[in-house]
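Here's a quick briefing on how charged side chains and strands come together in one protein chain. Have a look at the structure first, then work through the points below.

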Amino acid sequence: MKYKGITFKLFIVTTAFFMFFLTVNMILQTVFFEDFYVDRKIKTLEKNIEKFTDEYLTINNKKNMHKKLSLFSDENNALIAILDKNGLIKYNDKFDITITDSTGKNITVLLNNFMDIYQFESLNVEIGESVSFEGTYLNKEKSILVPLNMEIDGMFFWGYESDINKNIQIINGEIKKMNIPSSTDNLQPYDDYMFVDLVNEFFWENKESNFELDGRIINYSYIDDFSQIENIVFVKPIIKDGDITEMVFVSSSLQQIGEAMTIMKEYYVYVFIAALLFILILAFVYSKMIAAPLVKINKSAIKMADLDFSSYCDIKSKDEIGSLASSLNSLSKNLNSTLEELKKANAKLEKDIEKEKKLEKMRKEFISSASHEFKTPLGIIKGFAEGIKDGIYENKKEYYLGVIIDETEKMNDLVLDMLELSKLESKSYKLNKEELIIDKLFYKVINKFKYHIEEKKISINFDVGRQNIFVYGDKRGIEQVIVNLFSNAIRHTGFLGNINIDIKMQNMKVYIYIENSGKNIPKEKIDKIWDRFYRVEESRHRQSGGTGLGLSIVKNILEIHDSEYGVKNTDDGVLFYFTLEKMHFK
C-alpha cells in the first residue's frame, strides 16, 4: 500500500470541498439568481411604495412633493408618478397647447401623457399652425382634451386605437397658445416617453372596468414593443371614502438584470479559473498549516525514539498542535537533561577510575623512585659502618664517618623534600602572602650558592636596571622556588658557563627569567621535568645531584600562587620562567 502523507490528503480534501462549493454556487446563481433578484426587487419596491404612500398623504407642498418623488426614483432606480382619477400625471409642470376650433372656442390640449417635451420641441411648431387631434374631453364643457392621436404640419403621431375608448372625437383648429416648460424645469420622470406610454396604456385599458381595484398593490410585467425591454409596473390605488382618488404608478426596468446575467455567465468562466487557482493555493497553504507542524512533531518523535533529544519542535501556535509540540519539547528536555546527567555521572566515574589508576601508577612509581633514592645512600652507609665495625682501614675511620654523615644529610634532604611536596600536593600548605623585594631575594640566594659558583667559575649576569622590585607572595615559598631553580641552573651549567637572570614588569605582573648555558632538554622530555623523581639522565647517576623533587616542588608552589611558569630551550641552553603579582601601592 502506497504511503500518502497528511499534507497530500488535506490538499485533496480541501480542494474537492471548495470546488464542489464553487460549482454548486455558480449553478445556483446561473439558474435561480435572476428569479431571486426579480422576486427580491418586487418585494423591496412594494415595501417602499407602501412607505411612500403613507408619507405622501401627509405632504401638502408641491416643492416637497417633487423632492420626495425624485428621492424615491433615485433610491429605487425606478420611475414614479401620481395619477389623478382621469389618468393624468400630477405634480408635473404644465405641458399643453391651446387651440381655437372652427366655432372660435378655445380648447386646452394636455400633452403630458401623450408625448415628451423634447419630441414636441423638435417639431418647431409655431402659433397659428393648423393641428388635428383625436381624443376625449375631460369635462362637460369640453374645454380640456386628452389626445390619443395628432396630426400637425403633415406629421402624424399615433396613440391608442380609438376603439378601446368611448366618446372619441376629432377636433381641428389653429394653435393659439403654447405652454412648454423649459429644460431646467422639473420634468423627470414625465419626459420619459415610454413611461408616459405605460401610464396611458394602463389607464385607458382599465378605464373600461371602472378601476375595480382594492387598496393592494398590483404588479405586472410589460415588454416594450419597440425596444423589447421588460419592465415591472406597480400600481397602488389611493382610496378615499370608498373611491379611487389617485394612484401611485411605478415602473422599473429589468434590462439591467438581463444584461448582468448575460455578462455573469461569461464572467463566471474567468471567475471559475481564478477561483480554481485560488482554491489550489488556499488548499496548499491550509494543508501546510496543519500538516507542517505535525511533520515537525513526527521528526522530533523519531529522533527521540533514537535517543536523540537535541532537536526541538519550533512551533509557536497556541492551539492543540502547539500544546502537543510544547509537551513533546518538555518531554525531550527532561529526557535530555536526565541523559546528560547520566553522561556526566558516567564521565565522572570514568574520570575517577582514571584518576585512581593514575594515583596507583604514581604510587608505584613513587615507591620505586623512593626505594631507588634510599637504596644507594643506605647501601653506602651500611658498607662504611660495617668497615668501621670490622676495623678495616682503621686509619681511614674519619673519612668513613664523614661519608656516612654526608649520605645521612642527603637522605634527610630527600625526606624533607618529600614531606614538603606531600604537603603542597595535599593543598594543606598555607600561604602567607606579603610584600617582597624580588631582586633582594635573588641576591640572597646567589650569596648562598657562592661556593658552587666559584667552584665551576660560573658567570652570573643579573642587572635589573633598578632596585627594589616589589611583588606580592609567600616569602618562604618564593625563596624556595628561586633556590630550586637556581640550584638546578648551577647543576646543569658547565665549567666557565653562564647564568642569566632577568626581571621584567608588564601590566600588573612581574616576569622572572633564569637561563643557564648548557645542553638543551630533549623535546620529548621537556614536559616531564616537572614530575616527581624525574631526571633527564635516565641513568639517575648520583653525580648529576638533586633529589628529583625540586622542580615538582616549584610547580606546586607556583600553582598555589596562580602564577604562570614554564621552560624552553634557547640557543645557549635552557630558560626557566615564572610570574608573580606586582605589588600595588596606594
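Let's begin with Glu55, which is partly exposed, since its relative accessibility is 27%. Keep in mind that this is a predicted model. Side chains of opposite charge can pair when their charged atoms come close, and this model has eight salt bridges. We'll look at some of those pairs, then move on to a sheet.

**Glu55 and Lys68: a link between two helices**

- Glu55 makes a salt bridge with Lys68, and their closest N and O atoms sit 2.6 Å apart.
- This pair links distant parts of the chain: Glu55 belongs to helix α1 (residues 6-56) and Lys68 to helix α2 (residues 62-76), with the two residues 13 apart.
- Like its partner, Lys68 counts as partly exposed, and its relative accessible area is 24%.

**Lys348 and Asp352: a link inside one helix**

- Here the salt bridge joins Lys348 to Asp352, with 3.4 Å between the closest N and O atoms.
- Both residues sit in helix α6 (residues 320-390), four residues apart, which is about one turn of the helix.
- Is Lys348 buried or exposed? Its relative accessible area is 52%, so Lys348 counts as exposed, because the cut-off for that label is over 50%.
- Asp352, on the other hand, is partly exposed at 37%.

**Glu479 and Lys444: part of a network**

- Glu479 forms a salt bridge with Lys444, where the closest N and O atoms are 3.4 Å apart.
- Glu479 is in helix α10 (residues 475-491) while Lys444 is in helix α8 (residues 438-448), so this pair ties together parts 35 residues apart in sequence.
- Glu479 has a relative accessible area of 13%, so it is buried, because buried means under 20%.
- Lys444 is partly exposed, with a value of 43%.
- Which residues make up the network of salt bridges here? They are Lys444, Lys448 and Glu479.

**The four-stranded sheet**

- Four strands form an open sheet in the order β1-β10-β9-β8, and the pairing is antiparallel.
- Why do β1 (79-84) and β8 (218-223) each have one side without a neighbour in the sheet? They stand at the edges, and each has a single partner strand.
- On average, neighbouring strands of this sheet are turned by 25 degrees against each other, ignoring direction.
- β1 pairs with β10 (residues 243-253) in the antiparallel sense, over six bridges.
- Want a spot to zoom in on? Ile82 has Val248 in β10 as its bridge partner.

Definitions and conventions: Residues numbered from 1 in each chain as written. Predicted model: local features only at pLDDT ≥ 70, side-chain atom pairs only at ≥ 80, totals over all residues. Heavy atoms only, no water. Salt bridge = Lys/Arg side-chain N within 4 Å of Asp/Glu carboxyl O. Buried < 20%, exposed > 50% of the residue type's maximum accessible area, 1.4 Å probe, protein only. Pairing = 2+ DSSP bridges. Axes fitted to C-alpha atoms, helices over the stretch in contact; angles between N-to-C directions.
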